[in-house]
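Trainee: I am new to this structure and would like to learn how its labels are earned. Could you take me through the reasoning, one label at a time?

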Amino acid sequence: MSRRAACRIPDDVHHQTKRHLALDTLDEPADTGLRSAVVVAGAAYGANSDFRCGLEDRSLAYELKARAEMTARCQDEEPHQLAHGGLGRRPLPRAWPLLLCEHVPAARWGGVSLGARARKGR
């Protein structure tokens, strides 16, 4: 007997990433007309561009934690072609990333407290 059969997992159920599970969890109340005012998540979700795009696609407001070593680029910045040394593939056009910790003043970095009730469940 296979492990899936032993655990009674249906054949149509497959692995989903945390990002997919989180977005599906947000979609369930939306199907009934309820909508989140704002989505708050930690750095693991903040670093996941697919998760951020999923929130954007759903027009959801969000506050996601970012790590200092994360990079970003200005929205209106146009990618440029890097010089090619002649060996190997030509480099793809790209924009120079900004290191967040170098462009956001240290005084602006801070934490968000969810309060004692949120921590009580830990």
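Mentor: Gladly, and let us begin with R8. At 76% relative accessibility, R8 counts as exposed, since exposed means over 50%. Please keep in mind that this is a predicted model.

Trainee: Where does R8 lie, and what is its phi?

Mentor: R8 lies in the loop between α1 (3-6) and α2. Its phi is near 60°, a positive value in a residue other than glycine.

Trainee: Why is S59 called exposed?

Mentor: The relative accessibility of S59 is 56%, and the label requires a value over 50%, so S59 counts as exposed. S59 sits in the loop between α4 and β2 (62-64), and its phi is also positive, near 55°, again in a residue other than glycine.

Trainee: Could you give me the overall layout before we go on?

Mentor: Of course. The protein chain has six helices and four strands. Read from the N terminus, the order is α-α-β-α-α-β-β-β-α-α. Of its 122 residues, 12% count as buried. Among contacts with a separation of 6 or more, 43% are between residues 24 or more positions apart.

Trainee: How do you know that R58 and D27 form a salt bridge?

Mentor: The rule asks for a side-chain nitrogen of Lys or Arg within 4 Å of a carboxyl oxygen of Asp or Glu. For R58 and D27, the closest N and O atoms are 2.7 Å apart, and the pair therefore meets the cut-off of 4 Å. By this rule the count comes to one salt bridge.

Trainee: What makes this pair a link between distant parts of the chain?

Mentor: R58 is in the loop between α4 and β2, while D27 is in helix α2, 31 residues away in sequence. In space, their C-alpha atoms are 8.8 Å apart. As a general point, side chains of opposite charge can pair when their charged atoms come close.

Trainee: Why are D27 and R58 called partly exposed?

Mentor: Partly exposed covers values between the buried cut-off of 20% and the exposed cut-off of 50%. D27 has a relative accessible area of 23%, so D27 belongs in that range. R58, with 27%, belongs there too.

Trainee: How do you know that the span of α2 agrees with the expected value?

Mentor: At 1.5 Å a residue, the 14 residues of α2 should span 20 Å. The end C-alpha atoms of α2 are 20 Å apart, so the two values agree. α2 is followed by G33, whose phi is positive, near 100°.

Trainee: Which residues of α2 are buried, and what puts them on the same side?

Mentor: The buried residues of α2 are R19, A22, L23 and L26. They cover an arc of only 95° around the axis, which puts them on the same side of α2. They pack against β1, α3 (43-46) and α4. On the other side of α2, K18, E28 and D31 are exposed.

Trainee: What makes a group of residues such as A22, L23 and L26 part of a nonpolar core?

Mentor: Members must be buried, nonpolar residues joined through side-chain atoms within 4.5 Å. The largest nonpolar core has nine residues: A22, L23, L26, V39, A41, F51, L55, L60 and L64. α2 (18-31), β1 (39-41) and α4 (49-57) each supply at least two of them, and the largest share, three residues, comes from α2. In soluble globular proteins, nonpolar side chains tend to be buried together.

Trainee: Which residues does L60 contact?

Mentor: Leaving aside neighbours within four places in sequence, L60 is in contact with L26, R35, S36, V39 and L55.

Trainee: One last case: why is R4 called partly exposed?

Mentor: R4 has a relative accessible area of 33%, which lies between 20% and 50%, so R4 is partly exposed. R4 is found in helix α1. Not counting residues up to four places away in sequence, R4 touches I9, P10, D11 and V13.

Trainee: How far is the backbone oxygen of V13 from a polar atom of the R4 side chain?

Mentor: The distance is 2.6 Å, and the limit for a polar contact is 3.5 Å.

Technical notes:
Residues are numbered from 1 along each chain as its sequence is written. This is a predicted model: local features need pLDDT of at least 70, side-chain atom pairs count only at pLDDT 80 or more; totals for chains, interfaces and linings use all residues. Side-chain values use heavy atoms; hydrogens and water are left out. Buried means under 20% relative accessible area, exposed over 50%, partly exposed in between (1.4 Å probe, protein chains only). Helices (H or I, at least four residues) and strands (E, at least two) are DSSP runs, numbered from the N terminus. Contact means heavy atoms within 4.5 Å. A polar contact is a pair of N or O atoms within 3.5 Å; within protein, one must be able to donate a hydrogen and the other to accept it, and residues adjacent in sequence count only if both atoms are side-chain atoms. The expected span of a helix is 1.5 Å times one less than its number of residues. The arc is that of the directions from the helix axis to the C-beta atoms.
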